[in-house]
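Thanks for asking me to look this one over. My notes follow the display, as numbered points.

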Amino acid sequence: MNFSSKASPLQEPSCLKISHADPDIYSAITHRLLFYFSRTRTDTPIVIVCVGTDRSTGDSLGPLVGTALARFHSPLFHLYGTLEEPVHAVNLEETLSLIYKKHHNPFIIGIDACLGQSTSVGCIQVVEGPLRPGAGVNKQLPPVGDIHLTGIVNVGGFMEYFVLQNTRLSLVMRLSDIIASSLYSALKQWNLHAKSAAAREQ
């Protein structure tokens, strides 16, 4: 879990922030992800790291996304972090070491819950650069990802652990569904593009 970062005007193109109630949220997230995928090689392994724990309602966003993605049984990505096998503060460093051993030069997508301003609760962010897990609760953890997605689940600024424990599960479930669906849609579209590009080269 981390804090929402407020982007300056010069940084806005590298950060999409959109409310879960926006009717265009699925297409907006999918297109932003495709933009980032387009800057990688088509044969680059995609690794998704869903950070969080099922022991806290607010911090369960990452494992919920991971569990939803695991149901696709897809070869399009490599997944770390589910409700049954969460990636959290205790095993994050070990998990990242394993990822870099198993996957050559991967493109890593970090996913985590986030606390922010009251007006931003219920928003999803797609941000260029690594996730800083634990920043919202003053933990020093390694950064995760080439890009990251966060769902702003509650208000930050005081008693973060208490706030996370008293976050509405319905909101966390809604955000996790949007993130998982949009991410899988983008991966499928990127795979189709990669196949057509390979066919043209033959």
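What volume does the largest pocket have?

1. Start with the pocket, and keep in mind that this is a predicted model. The largest pocket comes out at a volume of about 330 Å³. Its lining counts 20 residues, and those lying nearest the centre are Thr53, Asp59, Ala89, Lys139 and Tyr161.

2. What is that lining made of, by class? For the largest pocket, eleven of the lining residues are nonpolar, six are polar and three are charged. If you're wondering which element gives the most to the lining, look at α4, with three residues.

3. While you're at α4, check its surroundings. This helix covers residues 160–165 and has phenylalanine 162 in it. Phe162 also belongs to a nonpolar patch on the surface, together with Phe158 and Met159. Taken together, the three have about 360 Å² of accessible area.

4. On to the salt bridges: the structure has two. One to look at pairs arginine 39 with glutamate 128, where the closest N and O atoms sit 2.7 Å apart. That pair ties together distant parts of the chain, 89 residues apart. Arginine 39 is in the loop between α1 (25–37) and β3 (46–50), while glutamate 128 is in strand β6, residues 123–128.

5. How many disulfides turn up in the whole structure? The search gives zero. Cysteine 15 is in no disulfide, and the nearest cysteine sulfur to its own is that of cysteine 114, 9.9 Å away. A pair counts as a disulfide within 2.5 Å, so a distance of 9.9 Å leaves cysteine 15 without one. Cysteine 114 is likewise in no disulfide, with the sulfur of cysteine 15 as its nearest.

Methods
Residues numbered from 1 in each chain as written. Predicted model: local features only at pLDDT ≥ 70, side-chain atom pairs only at ≥ 80, totals over all residues. Heavy atoms only, no water. Patch = residues over 30% accessible without salt bridge, like charges linked within 9 Å, V, L, I, M, F, W, Y side chains within 5 Å. Areas by Shrake-Rupley, 256 points an atom, 1.4 Å probe, with all protein chains shown as cover. Salt bridge = Lys/Arg side-chain N within 4 Å of Asp/Glu carboxyl O. Helix = DSSP H or I, 4+ residues; strand = E, 2+ residues; numbered from the N terminus. 1 Å grid on protein atoms, 1.4 Å probe; cavity = no way out; pocket = protein on both sides within 12 Å on 5 of 7 lines; lining within 4 Å. Points joined across faces, edges and corners; volume = space filled by probe spheres on them. Nonpolar A, V, L, I, M, F, W, Y, C, P; charged D, E, K, R; others polar.
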